[in-house]
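Biologist: Before we go into particulars, I would like to learn how to read the surface, the fold and the interior of a model such as this one. Could we take these features one after another?

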Amino acid sequence: MRSIDKNTLEKVLGIYRIIDEEGKIVGEEPKISDSILMSMYEYMVRARVLDEWLLKLQRLGKVAIHAPNKGQEAIVGAVLPLKPEDWVFPSYRDLGVYLVRGMSEEEILDRALYNEDDPLRGSDFAIYGNRKYNMVPTPVPVGNQIPHAVGVAYAMKYRRDDLVTMVMFGDGATSRGDFHAGLNFAGVYQVPIIFVCENNRWAISVPLEKQTRSPSIAFRGLAYGVDSIRVDGNDVLAMYDIARAAIERARKEKEPFLIEMLTYRLGSHTTADDPSRYRSEEEVKEMMRYEPIKRFRKYLVDKGVLTESEAEEIYKRYSSYVEEAAKRALNKSPLPYDVFFHNVYSSIPWNLEMQMEEFREALETMDRFGLEVE
Ligand SMILES: Cc1ncc(C[n+]2csc(CCOP(=O)(O)OP(=O)(O)O)c2C)c(N)n1
Ligand SMILES: [Mg+2]
């Protein structure tokens, strides 16, 4: 297995990759069993299919909002080497992460539809997390999860647990103070955490050049004494290979690590965004060439681990699987109207009680007039 030595400028300015966009090996091929390779592929396909369904359900008015994942599926490589007991603080654009951690498509859809089985009981939109899978829901303020995750990793070290923490965030989050506080603390106290910055070049309409003049985000990690590397984030093999080494080192040596995952968001920021207002069609078309699933499929086919018809069959299988899961999730009852009031305090204070009453009356009035709550 790859060992991670001390940083060089080449690591924070160069790009670590194993396969190119044609699926050809351009780096040192790591030893990974065929079954792990196939599970990487299947998780990426599952994330893609689920992403397509969430988009459809949003357009049908069933899901309030969705943050498209297309193009960023290679994140599955970063989480696969973790143990189930490790803690993950994902971003809101990480369907592959939720799946690898063990959430099923149906559980994810229950959340997206806020039905009776929603594990987060109607709390904020487009946020996924689940205590059952040691996965903390993403806070809505961008990057807030970074110091939380560092604190948890510090506690792990303090308690001498053999565990690590992984936190995902976008390039835009590196402009928040939380990124800097988190990295500094992790560097000074040497905590077992892996930072994964999903650098997809855009923070809604703000391009990376307007976030920082640093030559790379890995370079900024290095400034805090955190070993860092820039990885081709559309190359799932490179992501897996680096994450595996970083996780093992964090577990043994209690050292933090930052992976700058160079990727691209092929869809809109969320379903409430129109990217044609700030970036060109040509840019997206050009970036489609580097898309992670197609290139990994080519690699697997060349290697003889997968055939094109098997790949087709996998896509179809998960498409009907998600369709069935969506039917079940759509058939469940919605959450009761007062759920939002019950999940804030352990007992409801008088002012919230009043609001709940007003809300109930408003619903009754709407009911009398035959109006529907969407
Ligand atoms: C503190 C804060 N400021 C602004 C927003 C609005 N907002 C939501 S996502 C986002 C962009 C984040 O970009 P990035 O961190 O690169 O993640 P990406 O969406 O590209 O995955 C912004 C500005 C917010 N949620 N929180
Ligand atoms: Mg971004």
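Modeller: Accessible areas come from the Shrake-Rupley method with a 1.4 Å probe. For this model, which is predicted, the protein exposes about 17600 Å², and carbon and sulfur atoms supply 53% of that area.

Biologist: What share of the 374 residues in the protein is buried?

Modeller: A residue is called buried when its relative accessible area is under 20%. By that cut-off, buried residues make up 54% of the 374 residues in the protein.

Biologist: How many helices and strands does the protein have, and what is its radius of gyration?

Modeller: The protein contains 14 helices and seven strands. Its radius of gyration is 21 Å, close to the 21 Å that the globule rule gives for 374 residues, so the protein is as compact as a globular protein of that length. Along the principal axes, the C-alpha atoms fill a box of roughly 70 × 50 × 40 Å. As for the contacts between residues at least 6 apart in sequence, 74% of them join residues at least 24 apart.

Biologist: In which order do the five strands of the open sheet stand, and why is one side of S1 and of S6 left without a neighbour?

Modeller: The order is S1-S2-S3-S7-S6, with parallel pairing. Strand S1 (87-89) and strand S6 (227-232) stand at the edges and have a single partner strand each, so one side of each lacks a neighbour in the sheet. Direction ignored, neighbouring strands of this sheet are turned by 15° against each other on average. At the S6 edge, S6 and strand S7 (residues 257-262) pair in the parallel sense over six bridges, and Val231 stands opposite Met261 in S7.

Biologist: Which helix lies across S1, S2 and S3?

Modeller: That is helix H6 (residues 145-158), which lies across S1, strand S2 (165-170) and strand S3 (193-199), and which runs at about 170° to S2.

Biologist: Which residues touch the most other members of the largest nonpolar core?

Modeller: A nonpolar core joins buried residues of certain kinds through side-chain atoms within 4.5 Å. The largest one here has 71 residues, and those touching the most other members are Tyr41, Leu109, Met166, Ile194, Val196, Phe296 and Leu300. Helix H2 (residues 34-59) gives the most to this core, with 13 residues. Neighbours within four places in sequence left aside, Phe296 is in contact with residues including Ile19, Leu37, Tyr41 and Val236. A second, separate core has 21 residues, among them Ala149, Val150, Val167 and Ile217.

Terms used. Residues numbered from 1 in each chain as written. Chains lettered and ligands numbered in written order. Predicted model: local features only at pLDDT ≥ 70, side-chain atom pairs only at ≥ 80, totals over all residues. Heavy atoms only, no water. Pairing = 2+ DSSP bridges. Helix = DSSP H or I, 4+ residues; strand = E, 2+ residues; numbered from the N terminus. Axes fitted to C-alpha atoms, helices over the stretch in contact; angles between N-to-C directions. Contact = heavy atoms within 4.5 Å. Rg over C-alpha atoms; globule rule 2.2 N^0.38 Å. Buried < 20%, exposed > 50% of the residue type's maximum accessible area, 1.4 Å probe, protein only.
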